[in-house]
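Open the model in your viewer and set it to show both backbone and side chains. The tour below goes stop by stop, with something to select at each one.

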Amino acid sequence: MFDWLKKKKAPEVPMAPEVLGLRLGGAFELDDLKFRLIEPELTIEGASRTHMIQAVGEVKLDENTRIVRYYTDDDAFLQVLQHGVNDEDISEVKLFYFFDTNAIDTSAQWDDWINNNIVQPQFELDGETFTKVWDNVVPVAMTENTWSREGKVTRTDQFIMLYERQCSEDLYESMLVAAEEKISGTHVDRCVVFSTGIDLTPTDFKLLG
């Protein structure tokens, strides 16, 4: 009786995912020796060894598979591929650095990127040639929910393709091309983001908190 007088509870907002002890507001440190050895061969330049996590993104690829991204204060993100929600379900960890972002001003430009430019047999970036990794003939579509330190949760639709090049006998560098779209009311923000990265092993970084 009088249920209408009761204060309605605000809907619960899911917490940002935590994987390998990585968390929103936390920090991790890269292995200095490894990066001093490999950085001259990479597109990445001046990588900070200490990273503060400013935002966390999650992409659910299917019922059991997800990507979790930890965005840092050094224009980088640590990307974790998981087939489940536990640490033992992790199959891949990559560190990406943002290389360039191009704003998309018109629908015609957007359509051209989606239909003709994102997926190519090879892609040139900064004088290096990267080869397409996935078999897809169209960009992979996915949606990322991102938690910020200010408590905001945003949604971004992405259309992506992954490329790769061999730097040396045991070192490969990835390149991620992503057309990103954010819709806020009637306003649409679109851009194409280029990021390059490498695979990390558990010994390549450690938690700081």
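Start with Leu-20, in the segment before β1. Helices (H or I, at least four residues) and strands (E, at least two) are DSSP runs, numbered from the N terminus. This is a predicted model, in which local features need pLDDT of at least 70, side-chain atom pairs count only at pLDDT 80 or more, and totals for chains, interfaces and linings use all residues. Residues are numbered from 1 along each chain as its sequence is written, and side-chain values use heavy atoms, with hydrogens and water left out.

**Stop 1: two positive phi values**

Stay on Leu-20. Its phi is near 55°, a positive value in a residue other than glycine. Most residues other than glycine have a negative phi. Leu-20 counts as partly exposed because its relative accessibility is 30%. The classes are buried (under 20% relative accessible area), exposed (over 50%) and partly exposed in between, with a 1.4 Å probe and protein chains only.

Now select Asp-75, in the loop between β3 and β4. Asp-75 is not a glycine, yet it has a positive phi of about 55°. Is Asp-75 buried or exposed? Asp-75 is exposed, with a relative accessible area of 53%.

**Stop 2: the strands around β2**

Select β2, residues 50-60. Strands pair here if DSSP finds at least two bridges between them.

- β1 (residues 27-30) runs antiparallel to β2, with three bridges. Ala-27 stands opposite Met-52, and Phe-28 has His-51 as its bridge partner in β2.
- β3 (residues 66-72) runs antiparallel to β2, with seven bridges. Pick Ile-53 and Thr-72 to see one partnership. The two strands form a hairpin with five residues between them.
- β8 (residues 140-148) runs antiparallel to β2, with five bridges. Here Ala-55 has Ser-148 as its bridge partner.

Go back to β1. Three bridges join β1 to β12 (residues 205-207), and these strands run antiparallel. Phe-28 stands opposite Leu-207 in β12.

**Stop 3: aromatic rings**

Show the rings of Phe, Tyr and Trp (its six-membered ring). They pair if their centres lie within 6.5 Å; planes under 30 degrees apart count as stacked, over 60 as edge-to-face and the rest as tilted. The count comes to nine aromatic pairs.

Zoom in on Tyr-71 and Phe-77. This pair is tilted, at 5.3 Å centre to centre and 45° between the planes. Both Tyr-71 and Phe-77 are buried.

Add Phe-96. Phe-77 and Phe-96 are stacked, with 5.2 Å centre to centre and 20° between the planes. Phe-77 lies in β4 (residues 76-82) and Phe-96 in β5 (residues 90-103), so the pair ties together parts 19 residues apart in sequence. Phe-77 counts as buried at 2% relative accessibility. Phe-96 counts as buried at 0%.

Which residues do ring pairs link into a cluster? Select Tyr-71, Phe-77, Phe-96 and Phe-98 together to see it.

**Stop 4: nonpolar cores**

A nonpolar core is a set of buried Ala, Val, Leu, Ile, Met, Phe, Trp, Tyr and Cys residues joined through side-chain atoms within 4.5 Å. The largest has 26 residues. Select Tyr-70, Leu-78, Leu-95 and Leu-200, the members that touch the most others. At least two residues of this core come from each of β1, α1 (32-38), β2, β3, β4 and β5.

Centre on Leu-200. Contact means heavy atoms within 4.5 Å. Leaving aside neighbours within four places in sequence, Leu-200 is in contact with Leu-30, Phe-35, Leu-78, Val-93, Lys-94, Leu-95 and Phe-205.

Apart from this core lies another, of 16 residues. Ile-118, Val-119, Phe-123 and Leu-125 are among them.

**Stop 5: a buried charge**

Finish at Glu-180, in strand β10 (residues 171-184). Lys and Arg count as positive and Asp and Glu as negative; His and the chain ends are not counted. Glu-180 is buried but has no salt bridge, that is, a side-chain nitrogen of Lys or Arg within 4 Å of a carboxyl oxygen of Asp or Glu. Which side chain of opposite charge is nearest to Glu-180? Arg-69 is, 5.4 Å away.

Now show what surrounds Glu-180. Beyond neighbours within four places in sequence, Glu-180 has contacts that include Trp-110, Thr-156, Asp-157 and Gln-158. Asp-189, Arg-190, Cys-191 and Val-193 are also in contact with Glu-180.
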